[in-house]
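Hi there,

I am passing on the structure we talked about, and I have added some notes on what turned up in it. Have a look at it first, and then read on.

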Amino acid sequence: GVVKANAYGHGAVPVGRTLAAAGAHGLAVSSLEEGLELRHGGVSCPILVLGGLRSEALPAASAEGLTIAVVGPEQLAEYAQLLPRHPVRLHLKLDTGMGRFGLLPSELGDCLAALRHLAPWIEGVMGHFATADDPDQGFALRQRRVFEGCLAQLAEAGIHPTQRHHGNSDACLRNLLDQDTHLRPGLAL
C-alpha cells in the first residue's frame with residue numbers, strides 16, 4: 001500500500017497500521033522522513049522509500065530496516081561503498097516512460113557492471129505507468145514492453161530480483177499487472 005503524503009491526507013500511521021494488519025506485504029512512502037514516521041508509529045512490515053535517498057541517509061535507513069529505491073545512476077557507486085556497512089534492500093527504479101525518476105533503458109547497459117556489485121542487495125525492480133488511467137492502453141502497453149526488456153537485460157547480466165512491480169492504482173484497476181509479483185495501490189485505497 002502506498003501511503004505517501006500522509007496516506008493522501010488520511011494519516012500515514014493509522015492507515016499503515018490498518019493495511020499491515022489486513023495483510024499488506026508492505027508499504028511505500030516518498031521520503032526517509034515518511035518511512036521513519038511509520039517505523040516510530042509501530043509499523044514493522046517492509047517499507048519502501050520510493051524517492052530514493054542520498055548516500056548519507058543510508059545509515060538511518062539501515063538502522064530502521066527500510067528498503068530504498070535506486071532512482072538514478074549517480075547513486076550506484078556511493079551505494080556500493082556504503083552498503084556493506086549499512087545494508088538495506090534495494091529496488092531498482094526504471095523509467096519506462098513516466099519521465100520522473102529512474103534509470104532510463106538507454107542507461108541500463110552502461111550501469112550493469114555497477115549493478116552487479118549491488119546485486120546482493122537488489123530484491124526488486126520497479127517502474128511506474130504514466131497513463132494507466134487512459135482508456136487507450138497503447139502507451140501503457142509500450143511501457144510494459146520496455147519494462148520486460150529491461151528485466152531480460154538484467155537477467156542476462158546475472159541480476160535476478162525476486163520482486164517486480166509496475167502496477168500503480170490505475171494499473172491494478174485496469175488489470176495491467178502482467179507478470180508482476182507485487183503491486184502498489186495508493187490513492188485508490
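One definition before the details: a residue counts as buried under 20% relative accessible area, as exposed over 50%, and as partly exposed in between. Please also keep in mind that this is a predicted model.

Let me begin with helix H1, which spans residues 4–9 and contains Asn-6. With a relative accessible area of 37%, Asn-6 is partly exposed. Its backbone caught my eye: phi of Asn-6 is positive, near 60°, although the residue is not a glycine. Tyr-8 is found in helix H1 as well, and phi of Tyr-8 is also positive, near 55°. The relative accessible area of Tyr-8 is 29%, so Tyr-8 too is partly exposed. As background, most residues other than glycine have a negative phi. You may want to look at both residues on your own screen.

Now for the fold as a whole. The protein chain has eight helices and six strands, and along the sequence they run α-α-β-α-β-α-β-α-β-α-β-α-β-α. The radius of gyration is 16 Å, close to the 16 Å from the globule rule for 189 residues, so the chain is as compact as a globular protein of that length. Along the principal axes, the C-alpha atoms fill a box of roughly 45 × 40 × 25 Å.

Buried residues account for 50% of the 189 in the chain. Of the contacts with a separation of 6 or more, 55% join residues 24 or more positions apart. The accessible surface amounts to about 8800 Å², and carbon and sulfur atoms hold 53% of that. As for charge, there are 15 positive and 19 negative side chains, with the centres of the two sets 3 Å apart.

How many disulfides does the structure hold? The count is zero. A disulfide needs two cysteine sulfur atoms within 2.5 Å. For Cys-150, the closest cysteine sulfur is that of Cys-111, and at 11 Å it is too far for a bond. For Cys-172, the closest is in Cys-45, at 17 Å, which is again too far for a bond. The surroundings of Cys-150 and Cys-172 can be read from their accessibility: Cys-150 is buried, at 2% relative accessibility, whereas Cys-172 is partly exposed, with a relative accessible area of 22%.

Happy to go through any of this with you.

Best wishes

Definitions and conventions
Residues numbered from 1 in each chain as written. Predicted model: local features only at pLDDT ≥ 70, side-chain atom pairs only at ≥ 80, totals over all residues. Heavy atoms only, no water. Buried < 20%, exposed > 50% of the residue type's maximum accessible area, 1.4 Å probe, protein only. Helix = DSSP H or I, 4+ residues; strand = E, 2+ residues; numbered from the N terminus. Rg over C-alpha atoms; globule rule 2.2 N^0.38 Å. Contact = heavy atoms within 4.5 Å. Areas by Shrake-Rupley, 256 points an atom, 1.4 Å probe, with all protein chains shown as cover. Lys, Arg positive; Asp, Glu negative; His and termini not counted. Charge placed at Lys NZ, Arg CZ, Asp CG, Glu CD.
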